[in-house]
Amino acid sequence: MTVTTGTTAVTGAVGTAHTRVEGRDKVTGAARYAGEIPFADLAHGWLVLSTVARGRVRAVETGPVLAMPGVLAVLHHGNAPRVESEYMGPLGPPDPILQVFQHDRVPHFNWPVALVVAETSEQAREAAEALTVQYDEESHDVAFSADHPGLYTPGEIMGQAPDTEKGDLEERLAASAVVVDERYTTPEEHHNPMEPHAATARWDGGRLEVVDSNQGSTLVAQELAHLFSLDAESVRVRSEHVGGGFGSKAVRPHQVAAVMAATMLHRPVRVVLTRRQMFSLVGYRSPTEQHIRLGADADGRLLALDHQAFSLTSTFREFVEFSGGVSRVMYDAEAHRTAHRLVRLDMPTPSWMRAPGEAPGSFAMESAIDELAERCGIDPIELRVRNEPAAGPVSGLPFATRRVLDCFEKGARRFGWADRDPRPGVRRDGRWLLGTGTAAGSFPVLAAPSSAAVTAEADGAFTVRITAADIGTGARTALTLIAADALEVAPDRVRVQIGDSDFGPATLAGGSMGTRSWGWAVTRAAGELREQLALGGTIPPQGITVRSDTSEVIGALAAKERHSFGAQFAEVAVDVASGEVRVRRMLGVFAAGKIVNPLTARGQLVGGMIWGLSMALHEEAVRDRASGAVVGADLAGYHFSANADIPHIEADWVDDPDPDDPVGIKGIGEVGIVGAAAAIANAVWHATGVRHRNLPIRPDRVIAAGGGAA
């Protein structure tokens, strides 16, 4: 017996296109975001950030500000509540930046030094801008380079060793018929989700409630409980609608400051970050320099691969941009080495940013592979075919699935690759030189334990409750389809509630593991509920609820190389006079597991490719060495692709379900950007005959490299 709609069981929702279940609410304004939800007696906090890059706070002159209209309090290191610092959180030891107002030290420009709280946001901002903070300034260093004297080898990176090595690298390089030995750089880059970070904290019946914009309410609730020495059950975090995250919306200083102020004032307090503050307080992608050495025989088969990745971290917390990780997956060689080196600078700590490690790492490696193909006189796709590994190049583990060559085959056919003249600089359209390029991409397939509750309601509907986060990916809709299939009912009989830590622990939206992890939990709970309902009986008014926990099943997964893969194609036009690069068309073909909702999946993949275009041609944060600040820390000074920069972009996929996942999901949020910048850079070489190994490919760099002359 199965749960039915009418008399016929309904299946097959997964894999069909569905508009977002909350779409109408979003376009009509009914969906409220964290900074819009009203609270009675709400006060507003405004962060004051340091104006020096290193030193100590000597004095905070609060008197004049406290006398300003509407000002309720000024929190700083001299009067703020104390928070816990000695604990092990869900992601390790606490980030020192969460020790808000606990000491007088300033480790980077725009470090939080005070919070002004007032009756209105306007009053809080005016008072914050009037607050005088005196400093004892010290000399600072924000100059990143791969030959910095402070370089060191980091510790373990997300469970992986910083360095790996097999074979005699120098001997294999010496034996190679063709060698590529080049350096590639990517600049500091910043997330800029449409919705700024916002949090409102209040105490309700002895419980701390935080309404927030985040990528994981469980994570935020756990960290706040540790910081404020509270029982886990005493903290509730809600985050129903999120206007983008990209890795930036974790636990940040504004949430901690809001809780401090609400505790002191005994009323709700909201803290919203400005766009400029986001350039200092919510993470960013470290600049990288990557030294790639490839050695191959005359047929293009790799004998040696060396990928050395250099990036920066702050003086108070280690974070590694894991750029060399992509080379541990994509290509094998008799001698194979990857290495990571860091330098501590007086800057904010970098953080996860869409495809952390893989995005800059793929630019370097896929550019170098293209250079190797050029020097060997072999088509770039054929070179990849000849170097397709049978198992993990470093791990030796079998691939769960690996259909990257199928992506290239399908993409080449759709893109018209066979008609490409391999010679650079021979195609023209008036003043424009034309070129095409390609690159591979990959991203790890991850899963983390999560719980979910599914309730059969007395009215015939089903309610799913899970602490998931929909940061614009369409996760709420995907979970609706997954639940509908697991219950064998139509999607319109399923209601999905998310973003509330009271629903039980669940992983965050990050690493392309959200829908996979949450879907696993929903499937298990729904399947057990369906079995119970098959026994018959009346559903009581409160419904019948089944809860799942996937900790055991995910912990028992066999060790394999699990990845989503992709093949990126781009056609560019380069103005021979101005050096301007225009992308005319892009195509990405991906092997990324079972596609739950083709409509939102295509949007995710195209969005990643657009970001890769932006990475290739536009994005670049510049540090002023004198002040330590980002120059032009706003959306006018930080350039990124606008609508006029975006050509015709297509995303497609090959069938690639993960055999170890109950739905077959892998993950698509990250892989869309991986390889996109390299495909564009390779196309620029094909158009002009000039290699660009430093991103972004600005017009001045094109001119300096010889303009459009091939």
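Where is Pro657 found? I looked this up in the predicted model and located Pro657 in the loop between strand E24 (648–653) and H16.

**Entry 1: Pro657**

I next asked whether Pro657 is buried or exposed. With a relative accessible area of 34%, Pro657 is partly exposed, because that class lies between the limits of 20% and 50%. I then listed its contacts, leaving aside neighbours within four places in sequence: Pro657 is in contact with Thr401, Gly593, Lys594 and Gly664. I also noted the separation of Pro657 from Ala592, which is 65 residues in sequence and 7.5 Å in space, C-alpha to C-alpha.

**Entry 2: H15 and H16**

From the loop I moved on to H16 itself. Two packed helices are described by the angle between their axes and the distance between the axes. For helix H15 (residues 598–617) and helix H16 (residues 676–688), I recorded axes that come within 7 Å and cross at roughly 50 degrees. H15 is therefore oblique to H16. I noted the hand of this crossing of H15 and H16 as right-handed.

Which residues of H15 meet H16? I found Met609, Gly612, Leu613, Met615, Ala616 and Leu617 on the H15 side, and Ala676, Ala677 and Ile680 on the H16 side. Sorting the residues of this contact of H15 with H16 by class, I entered eight nonpolar, one polar and no charged.

**Entry 3: Ile680 and the cores**

I followed Ile680 further. Not counting residues up to four places away in sequence, Ile680 touches Gly612, Leu613, Ala616 and Leu617, and also Ala570, Val572, Val583 and Met586. The largest nonpolar core has 82 residues, and I checked which of them touch the most other members: Leu294, Leu372, Phe569, Val572, Met586 and Ile680. A second, separate core has 63 residues, among them Trp46, Val116, Val235 and Ala261. For context, I add that in soluble globular proteins nonpolar side chains tend to be buried together.

**Entry 4: H12 and H13**

At what angle do helix H12 (residues 475–487) and helix H13 (residues 514–533) pack? I recorded about 30 degrees, with the axes 8 Å apart. Because angles under 35 degrees count as roughly parallel, H12 is roughly parallel to H13. H12 passes H13 in a right-handed crossing.

On H12, I listed Ala475, Ala478, Leu479, Ile482, Ala483, Ala486 and Leu487 as making the contact. On H13, the contact is made by Thr515, Trp518, Gly519, Val522, Thr523, Ala526, Leu529 and Arg530. By class, I entered eleven nonpolar, three polar and one charged residues for the contact of H12 with H13.

**Entry 5: Backbone geometry**

I closed with the backbone. Most residues other than glycine have a negative phi, and most peptide bonds are trans. I therefore noted the exceptions that follow.

The peptide bond from Leu695 to Pro696 is cis, with omega near -5 degrees. I placed Pro696 in the loop between H16 and helix H17 (699–704).

Asp41 has a positive phi, near 60 degrees, in a residue other than glycine. I found Asp41 in the loop between helix H1 (23–28) and strand E1 (43–49).

Phe101 is not a glycine either, yet has a positive phi of about 60 degrees. I placed Phe101 in the loop between strand E3 (71–76) and strand E4 (105–106). Is Phe101 buried or exposed? Its relative accessible area is 3%, so I entered Phe101 as buried.

Key:
Residues are numbered from 1 along each chain as its sequence is written. This is a predicted model: local features need pLDDT of at least 70, side-chain atom pairs count only at pLDDT 80 or more; totals for chains, interfaces and linings use all residues. Side-chain values use heavy atoms; hydrogens and water are left out. Axes are lines fitted to C-alpha atoms, for helices over the stretch in contact, and angles run from 0 to 180 degrees between N-to-C directions. Helices (H or I, at least four residues) and strands (E, at least two) are DSSP runs, numbered from the N terminus. Angles under 35 degrees count as roughly parallel, over 145 as roughly antiparallel, 65 to 115 as roughly perpendicular and the rest as oblique. A crossing is left-handed if the near helix is turned anticlockwise from the far one by less than a right angle, and right-handed if clockwise. Contact means heavy atoms within 4.5 Å. Ala, Val, Leu, Ile, Met, Phe, Trp, Tyr, Cys and Pro count as nonpolar, Asp, Glu, Lys and Arg as charged, and the others, Gly among them, as polar. A nonpolar core is a set of buried Ala, Val, Leu, Ile, Met, Phe, Trp, Tyr and Cys residues joined through side-chain atoms within 4.5 Å. Buried means under 20% relative accessible area, exposed over 50%, partly exposed in between (1.4 Å probe, protein chains only).
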